[in-house]
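Biologist: I'm new to this one. Could you pull it up and walk me through it?

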Amino acid sequence: MAEAGKIDPMHQFTVEPIAPLHIGGVDISFTNSSAWLLVTLVVIFGFMAMGMRRQLVPNRWQMAVEGLTGFIDDMVRVNIGPEGRRYMPYIFSLFSFILVSNLLGLLPLAIVPGLHSFTTTSHFSITGVLAVMSFSMVLIIGFWRHGFHFFSLFVPHGTPIVMVPLIFLIELISFMVRPFSLGLRLFVAMIAGHILMEVFGSFVVTGLNGGPVGWGVGALSFAFIVGVAALELLVSAIQAYVFALLTSLYLNDAINLH
Amino acid sequence: MDFASAQVIGAGLAAIGVGAAAIGVGNVFGSFLESALRNPAAADGQQGRLFIGFAAAELLGLIAFAVAMIILYAR
(Lines give C-alpha, C1' and ligand atoms only; values in the text may rest on other atoms or scores of the structure.)
Protein backbone atom coordinates (compact mmCIF):
# COMPACT_ATOMS: atom_id res chain seq x y z
CA MET A 1 0.00 0.00 0.00
CA ALA A 2 1.47 3.30 -1.10
CA GLU A 3 0.05 5.72 1.48
CA ALA A 4 -1.71 5.04 4.76
CA GLY A 5 -5.48 4.77 4.38
CA LYS A 6 -5.36 4.88 0.58
CA ILE A 7 -6.62 1.80 -1.23
CA ASP A 8 -4.43 0.85 -4.17
CA PRO A 9 -6.00 -2.28 -5.67
CA MET A 10 -3.75 -2.29 -8.74
CA HIS A 11 -0.53 -2.53 -6.76
CA GLN A 12 -0.77 -6.32 -6.50
CA PHE A 13 -0.33 -6.66 -10.26
CA THR A 14 3.00 -4.84 -10.52
CA VAL A 15 5.83 -6.88 -11.96
CA GLU A 16 8.93 -6.32 -9.82
CA PRO A 17 12.40 -7.49 -10.80
CA ILE A 18 14.00 -9.92 -8.34
CA ALA A 19 17.32 -10.33 -10.15
CA PRO A 20 17.81 -7.42 -12.60
CA LEU A 21 19.36 -8.44 -15.90
CA HIS A 22 19.79 -6.23 -18.97
CA ILE A 23 21.31 -7.51 -22.18
CA GLY A 24 21.75 -5.09 -25.08
CA GLY A 25 19.17 -2.64 -23.77
CA VAL A 26 16.56 -5.37 -23.37
CA ASP A 27 15.22 -5.92 -19.88
CA ILE A 28 15.10 -9.66 -19.22
CA SER A 29 15.18 -9.50 -15.44
CA PHE A 30 14.01 -12.41 -13.34
CA THR A 31 10.78 -10.94 -11.97
CA ASN A 32 8.15 -12.10 -9.50
CA SER A 33 6.10 -13.08 -12.55
CA SER A 34 8.82 -15.45 -13.77
CA ALA A 35 9.27 -16.79 -10.24
CA TRP A 36 5.58 -17.71 -10.04
CA LEU A 37 5.67 -19.20 -13.54
CA LEU A 38 8.46 -21.44 -12.27
CA VAL A 39 6.42 -22.35 -9.18
CA THR A 40 3.49 -23.24 -11.46
CA LEU A 41 5.75 -25.46 -13.54
CA VAL A 42 7.16 -27.19 -10.45
CA VAL A 43 3.68 -27.82 -9.02
CA ILE A 44 2.39 -29.31 -12.28
CA PHE A 45 5.50 -31.48 -12.72
CA GLY A 46 5.32 -32.61 -9.12
CA PHE A 47 1.64 -33.44 -9.36
CA MET A 48 2.11 -35.41 -12.58
CA ALA A 49 5.32 -37.18 -11.52
CA MET A 50 3.79 -38.41 -8.27
CA GLY A 51 0.94 -40.05 -10.16
CA MET A 52 2.74 -41.56 -13.16
CA ARG A 53 3.92 -44.79 -11.57
CA ARG A 54 1.46 -46.76 -13.73
CA GLN A 55 0.48 -49.23 -11.05
CA LEU A 56 -2.17 -51.78 -11.93
CA VAL A 57 -4.03 -50.90 -8.74
CA PRO A 58 -3.76 -47.10 -8.60
CA ASN A 59 -3.20 -45.29 -5.35
CA ARG A 60 -5.04 -42.07 -4.53
CA TRP A 61 -2.56 -39.77 -6.23
CA GLN A 62 -2.62 -41.76 -9.43
CA MET A 63 -6.42 -41.67 -9.31
CA ALA A 64 -6.27 -37.86 -9.16
CA VAL A 65 -3.91 -37.65 -12.13
CA GLU A 66 -5.97 -40.14 -14.11
CA GLY A 67 -9.12 -38.18 -13.30
CA LEU A 68 -7.56 -34.99 -14.67
CA THR A 69 -6.20 -36.56 -17.84
CA GLY A 70 -9.43 -38.50 -18.34
CA PHE A 71 -11.43 -35.30 -18.02
CA ILE A 72 -9.43 -33.54 -20.74
CA ASP A 73 -9.37 -36.67 -22.90
CA ASP A 74 -13.17 -36.83 -22.68
CA MET A 75 -13.54 -33.17 -23.59
CA VAL A 76 -11.25 -33.51 -26.62
CA ARG A 77 -12.97 -36.69 -27.81
CA VAL A 78 -16.44 -35.18 -27.54
CA ASN A 79 -15.54 -31.88 -29.19
CA ILE A 80 -13.02 -32.87 -31.87
CA GLY A 81 -13.60 -36.56 -32.39
CA PRO A 82 -11.07 -39.38 -32.74
CA GLU A 83 -8.68 -37.21 -34.78
CA GLY A 84 -8.31 -34.84 -31.87
CA ARG A 85 -6.33 -37.28 -29.76
CA ARG A 86 -2.98 -36.03 -31.01
CA TYR A 87 -3.80 -32.50 -29.83
CA MET A 88 -4.81 -33.67 -26.38
CA PRO A 89 -1.36 -32.99 -24.81
CA TYR A 90 -1.57 -29.34 -25.87
CA ILE A 91 -5.08 -28.88 -24.47
CA PHE A 92 -4.02 -30.67 -21.30
CA SER A 93 -0.98 -28.40 -20.84
CA LEU A 94 -3.13 -25.32 -21.39
CA PHE A 95 -5.74 -26.47 -18.89
CA SER A 96 -3.33 -27.50 -16.16
CA PHE A 97 -1.16 -24.40 -16.55
CA ILE A 98 -4.10 -21.99 -16.36
CA LEU A 99 -5.78 -23.87 -13.52
CA VAL A 100 -2.65 -24.12 -11.39
CA SER A 101 -1.54 -20.52 -11.91
CA ASN A 102 -5.06 -19.25 -11.16
CA LEU A 103 -5.18 -21.25 -7.95
CA LEU A 104 -1.64 -20.29 -6.91
CA GLY A 105 -2.59 -16.63 -7.28
CA LEU A 106 -5.37 -17.13 -4.73
CA LEU A 107 -3.08 -18.50 -2.02
CA PRO A 108 -3.21 -16.22 1.04
CA LEU A 109 0.57 -16.02 1.27
CA ALA A 110 0.58 -12.32 2.15
CA ILE A 111 0.11 -13.19 5.85
CA VAL A 112 3.82 -14.10 5.76
CA PRO A 113 5.63 -10.71 5.68
CA GLY A 114 7.46 -10.03 2.44
CA LEU A 115 5.76 -12.81 0.52
CA HIS A 116 3.10 -12.00 -2.05
CA SER A 117 1.46 -14.47 -4.33
CA PHE A 118 1.32 -13.23 -7.89
CA THR A 119 -1.25 -14.34 -10.45
CA THR A 120 0.67 -14.84 -13.67
CA THR A 121 -2.58 -15.13 -15.64
CA SER A 122 -3.62 -11.62 -14.58
CA HIS A 123 -1.35 -10.14 -17.25
CA PHE A 124 -2.39 -9.86 -20.86
CA SER A 125 1.19 -10.59 -21.93
CA ILE A 126 0.78 -14.15 -20.59
CA THR A 127 -2.82 -14.89 -21.56
CA GLY A 128 -2.33 -13.13 -24.90
CA VAL A 129 0.58 -15.42 -25.73
CA LEU A 130 -1.52 -18.46 -24.79
CA ALA A 131 -4.35 -17.21 -27.00
CA VAL A 132 -2.01 -16.46 -29.92
CA MET A 133 -0.51 -19.95 -29.55
CA SER A 134 -3.96 -21.53 -29.81
CA PHE A 135 -4.93 -19.29 -32.70
CA SER A 136 -1.77 -19.95 -34.69
CA MET A 137 -2.21 -23.68 -34.10
CA VAL A 138 -5.70 -23.40 -35.61
CA LEU A 139 -4.33 -21.51 -38.62
CA ILE A 140 -1.38 -23.88 -39.17
CA ILE A 141 -3.45 -27.04 -38.82
CA GLY A 142 -6.25 -25.62 -40.95
CA PHE A 143 -4.05 -24.60 -43.86
CA TRP A 144 -1.87 -27.70 -43.54
CA ARG A 145 -4.79 -30.13 -43.69
CA HIS A 146 -7.12 -28.34 -46.10
CA GLY A 147 -4.97 -25.84 -48.01
CA PHE A 148 -6.99 -22.96 -49.39
CA HIS A 149 -10.12 -25.02 -48.87
CA PHE A 150 -9.81 -23.79 -45.27
CA PHE A 151 -11.53 -20.57 -46.37
CA SER A 152 -14.77 -22.51 -46.77
CA LEU A 153 -14.92 -22.21 -42.96
CA PHE A 154 -16.11 -18.66 -43.51
CA VAL A 155 -19.01 -19.60 -45.79
CA PRO A 156 -21.55 -21.95 -44.16
CA HIS A 157 -23.27 -24.55 -46.29
CA GLY A 158 -26.34 -23.39 -48.16
CA THR A 159 -25.53 -19.68 -48.13
CA PRO A 160 -27.29 -17.90 -51.02
CA ILE A 161 -24.77 -16.57 -53.53
CA VAL A 162 -25.91 -12.98 -52.97
CA MET A 163 -25.15 -13.22 -49.28
CA VAL A 164 -21.69 -14.78 -49.63
CA PRO A 165 -19.57 -11.57 -49.47
CA LEU A 166 -21.43 -10.28 -46.41
CA ILE A 167 -21.38 -13.62 -44.58
CA PHE A 168 -17.69 -14.05 -45.45
CA LEU A 169 -16.90 -10.66 -43.94
CA ILE A 170 -18.88 -11.32 -40.76
CA GLU A 171 -17.40 -14.78 -40.27
CA LEU A 172 -13.91 -13.43 -40.96
CA ILE A 173 -14.31 -10.75 -38.29
CA SER A 174 -15.70 -13.23 -35.77
CA PHE A 175 -12.74 -15.50 -36.58
CA MET A 176 -10.13 -12.77 -36.18
CA VAL A 177 -11.59 -11.62 -32.86
CA ARG A 178 -11.10 -15.08 -31.31
CA PRO A 179 -7.54 -14.64 -29.97
CA PHE A 180 -8.46 -11.33 -28.35
CA SER A 181 -11.60 -12.66 -26.71
CA LEU A 182 -9.75 -15.79 -25.57
CA GLY A 183 -6.91 -13.88 -23.93
CA LEU A 184 -9.02 -10.98 -22.65
CA ARG A 185 -11.56 -13.19 -20.89
CA LEU A 186 -9.02 -14.99 -18.72
CA PHE A 187 -6.98 -11.91 -17.86
CA VAL A 188 -9.94 -9.67 -17.03
CA ALA A 189 -11.67 -12.36 -14.98
CA MET A 190 -8.53 -12.78 -12.86
CA ILE A 191 -7.97 -9.01 -12.46
CA ALA A 192 -11.61 -8.35 -11.54
CA GLY A 193 -11.66 -11.02 -8.83
CA HIS A 194 -8.41 -9.90 -7.27
CA ILE A 195 -9.42 -6.23 -7.24
CA LEU A 196 -12.70 -7.16 -5.57
CA MET A 197 -10.92 -9.17 -2.88
CA GLU A 198 -8.36 -6.40 -2.32
CA VAL A 199 -11.02 -3.69 -1.98
CA PHE A 200 -13.16 -5.64 0.47
CA GLY A 201 -10.08 -6.81 2.36
CA SER A 202 -9.10 -3.18 2.90
CA PHE A 203 -12.68 -2.44 4.05
CA VAL A 204 -12.16 -4.99 6.81
CA VAL A 205 -8.86 -3.44 7.87
CA THR A 206 -10.01 0.20 7.77
CA GLY A 207 -13.34 -0.75 9.35
CA LEU A 208 -11.50 -1.93 12.48
CA ASN A 209 -10.38 1.67 13.12
CA GLY A 210 -13.81 3.18 12.58
CA GLY A 211 -15.73 2.67 15.83
CA PRO A 212 -18.89 0.51 16.15
CA VAL A 213 -20.21 1.43 12.68
CA GLY A 214 -16.84 0.57 11.17
CA TRP A 215 -16.82 -2.78 12.95
CA GLY A 216 -20.23 -3.53 11.47
CA VAL A 217 -18.98 -2.67 8.00
CA GLY A 218 -15.85 -4.74 8.59
CA ALA A 219 -17.84 -7.78 9.74
CA LEU A 220 -20.15 -7.55 6.72
CA SER A 221 -17.18 -7.17 4.37
CA PHE A 222 -15.49 -10.15 6.01
CA ALA A 223 -18.58 -12.32 5.48
CA PHE A 224 -18.75 -11.10 1.89
CA ILE A 225 -15.08 -11.77 1.22
CA VAL A 226 -15.45 -15.40 2.33
CA GLY A 227 -18.15 -15.81 -0.31
CA VAL A 228 -16.06 -14.02 -2.92
CA ALA A 229 -13.09 -16.29 -2.18
CA ALA A 230 -15.27 -19.35 -2.80
CA LEU A 231 -16.57 -17.76 -6.01
CA GLU A 232 -12.99 -17.05 -7.10
CA LEU A 233 -12.07 -20.73 -6.68
CA LEU A 234 -15.01 -21.57 -8.95
CA VAL A 235 -14.05 -18.87 -11.46
CA SER A 236 -10.44 -20.15 -11.56
CA ALA A 237 -11.64 -23.61 -12.53
CA ILE A 238 -14.31 -22.34 -14.96
CA GLN A 239 -11.90 -20.00 -16.76
CA ALA A 240 -9.35 -22.79 -17.21
CA TYR A 241 -12.12 -25.08 -18.46
CA VAL A 242 -13.55 -22.45 -20.82
CA PHE A 243 -10.13 -21.68 -22.27
CA ALA A 244 -9.44 -25.36 -22.94
CA LEU A 245 -12.97 -25.92 -24.26
CA LEU A 246 -12.86 -22.99 -26.68
CA THR A 247 -9.39 -24.02 -27.89
CA SER A 248 -10.67 -27.51 -28.64
CA LEU A 249 -13.72 -26.08 -30.43
CA TYR A 250 -11.52 -23.85 -32.59
CA LEU A 251 -9.27 -26.84 -33.32
CA ASN A 252 -12.40 -28.77 -34.28
CA ASP A 253 -13.21 -26.02 -36.82
CA ALA A 254 -9.72 -26.32 -38.28
CA ILE A 255 -9.71 -30.14 -38.41
CA ASN A 256 -13.23 -30.95 -39.55
CA LEU A 257 -14.27 -27.62 -41.13
CA HIS A 258 -18.05 -27.68 -40.94
CA MET B 1 -17.26 19.47 -14.35
CA ASP B 2 -13.57 18.76 -13.93
CA PHE B 3 -11.82 15.83 -15.52
CA ALA B 4 -11.52 13.67 -12.39
CA SER B 5 -15.26 13.71 -11.60
CA ALA B 6 -16.18 13.07 -15.23
CA GLN B 7 -13.79 10.12 -15.13
CA VAL B 8 -15.43 8.58 -12.08
CA ILE B 9 -18.93 9.10 -13.47
CA GLY B 10 -17.91 7.58 -16.79
CA ALA B 11 -16.43 4.54 -15.07
CA GLY B 12 -19.63 4.13 -13.10
CA LEU B 13 -21.71 4.29 -16.28
CA ALA B 14 -19.46 1.72 -17.93
CA ALA B 15 -20.03 -0.59 -14.95
CA ILE B 16 -23.75 -0.84 -15.87
CA GLY B 17 -22.65 -3.28 -18.56
CA VAL B 18 -21.40 -5.66 -15.89
CA GLY B 19 -24.90 -5.80 -14.41
CA ALA B 20 -26.35 -6.50 -17.86
CA ALA B 21 -23.88 -9.37 -18.26
CA ALA B 22 -25.04 -10.70 -14.88
CA ILE B 23 -28.57 -10.92 -16.30
CA GLY B 24 -27.16 -12.73 -19.33
CA VAL B 25 -25.20 -15.27 -17.30
CA GLY B 26 -28.17 -15.88 -15.04
CA ASN B 27 -30.33 -16.40 -18.09
CA VAL B 28 -27.89 -18.96 -19.54
CA PHE B 29 -27.74 -21.07 -16.39
CA GLY B 30 -31.42 -20.58 -15.61
CA SER B 31 -32.54 -21.77 -19.02
CA PHE B 32 -30.14 -24.68 -18.85
CA LEU B 33 -31.44 -25.78 -15.46
CA GLU B 34 -35.04 -25.42 -16.58
CA SER B 35 -34.60 -27.62 -19.61
CA ALA B 36 -32.23 -30.00 -17.81
CA LEU B 37 -34.96 -30.75 -15.28
CA ARG B 38 -37.39 -31.47 -18.10
CA ASN B 39 -35.03 -33.93 -19.73
CA PRO B 40 -32.27 -34.94 -17.29
CA ALA B 41 -30.98 -37.68 -19.58
CA ALA B 42 -29.91 -35.16 -22.24
CA ALA B 43 -28.44 -32.65 -19.77
CA ASP B 44 -24.93 -34.07 -19.50
CA GLY B 45 -24.35 -33.96 -23.24
CA GLN B 46 -25.11 -30.25 -23.38
CA GLN B 47 -22.64 -29.07 -20.76
CA GLY B 48 -20.11 -27.99 -23.36
CA ARG B 49 -22.71 -25.76 -25.00
CA LEU B 50 -23.70 -24.45 -21.58
CA PHE B 51 -20.18 -23.23 -20.95
CA ILE B 52 -19.85 -21.75 -24.44
CA GLY B 53 -22.97 -19.68 -23.81
CA PHE B 54 -21.67 -18.76 -20.39
CA ALA B 55 -18.32 -17.70 -21.84
CA ALA B 56 -19.93 -15.55 -24.52
CA ALA B 57 -22.26 -13.81 -22.05
CA GLU B 58 -19.50 -13.33 -19.51
CA LEU B 59 -17.03 -11.92 -22.02
CA LEU B 60 -19.24 -8.90 -22.70
CA GLY B 61 -19.46 -8.11 -19.00
CA LEU B 62 -15.71 -8.44 -18.67
CA ILE B 63 -15.24 -6.08 -21.61
CA ALA B 64 -17.48 -3.57 -19.80
CA PHE B 65 -15.26 -3.97 -16.75
CA ALA B 66 -12.12 -3.44 -18.85
CA VAL B 67 -13.63 -0.28 -20.36
CA ALA B 68 -14.47 0.99 -16.87
CA MET B 69 -10.89 0.36 -15.74
CA ILE B 70 -9.47 2.10 -18.83
CA ILE B 71 -11.66 5.14 -18.19
CA LEU B 72 -10.87 5.16 -14.47
CA TYR B 73 -7.10 4.98 -14.87
CA ALA B 74 -6.78 7.14 -18.00
CA ARG B 75 -5.14 10.48 -17.52
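Biologist: Which residues lie nearest the centre of the second largest pocket?

Modeller: Keep in mind that this is a predicted model. The lining of that pocket takes in 30 residues, and its volume is about 920 Å³. Those nearest the centre are A:A192, A:L196, B:V18, B:L62 and B:F65.

Biologist: And which element gives the most to that lining?

Modeller: Elements giving two or more residues come from both chains: α6 (178-207) and α7 (211-256) of chain A, plus α1 (3-14), α2 (16-38) and α4 (47-73) of chain B. One of them gives nine residues, the most, and that is α4(B).

Biologist: How many of the lining residues are nonpolar?

Modeller: Let's sort the lining of the second largest pocket by type. Two residues are charged and five are polar. The nonpolar ones number 23.

Biologist: Now to α7(A), which also packs with α2(A). At what angle do α2(A) and α7(A) pack?

Modeller: Here α2(A) covers residues 60-79, and A:F71, A:M75 and A:N79 meet residues of α7(A), including A:Y241 and A:L245. That contact divides into six nonpolar, three polar and no charged residues. The crossing is right-handed. The axes lie 9 Å apart, and the angle is about 35°.

Biologist: Stepping back, how many helices and strands does chain A have?

Modeller: Follow the sequence and the pattern reads β-β-β-β-α-α-α-α-α-α-α. So to speak, just count the letters: chain A comes to seven helices and four strands.

Biologist: What share of chain A is buried?

Modeller: The C-alpha trace of chain A spans about 70 × 55 × 50 Å along its principal axes. Buried here means under 20% relative accessible area. Out of 258 residues, the buried share is 42%.

Key: Residues are numbered from 1 along each chain as its sequence is written. Chains are lettered from A and ligands numbered from 1 in the order in which they are written. This is a predicted model: local features need pLDDT of at least 70, side-chain atom pairs count only at pLDDT 80 or more; totals for chains, interfaces and linings use all residues. Side-chain values use heavy atoms; hydrogens and water are left out. On a 1 Å grid over the protein atoms alone, a cavity is a set of points where a 1.4 Å probe fits but cannot get out, and a pocket is an open set with protein on both sides within 12 Å along at least five of seven lines; lining residues have an atom within 4 Å of a point. Grid points are joined across faces, edges and corners, and a volume is the space filled by probe spheres set on the points. Ala, Val, Leu, Ile, Met, Phe, Trp, Tyr, Cys and Pro count as nonpolar, Asp, Glu, Lys and Arg as charged, and the others, Gly among them, as polar. Axes are lines fitted to C-alpha atoms, for helices over the stretch in contact, and angles run from 0 to 180 degrees between N-to-C directions. A crossing is left-handed if the near helix is turned anticlockwise from the far one by less than a right angle, and right-handed if clockwise. Contact means heavy atoms within 4.5 Å. Buried means under 20% relative accessible area, exposed over 50%, partly exposed in between (1.4 Å probe, protein chains only).
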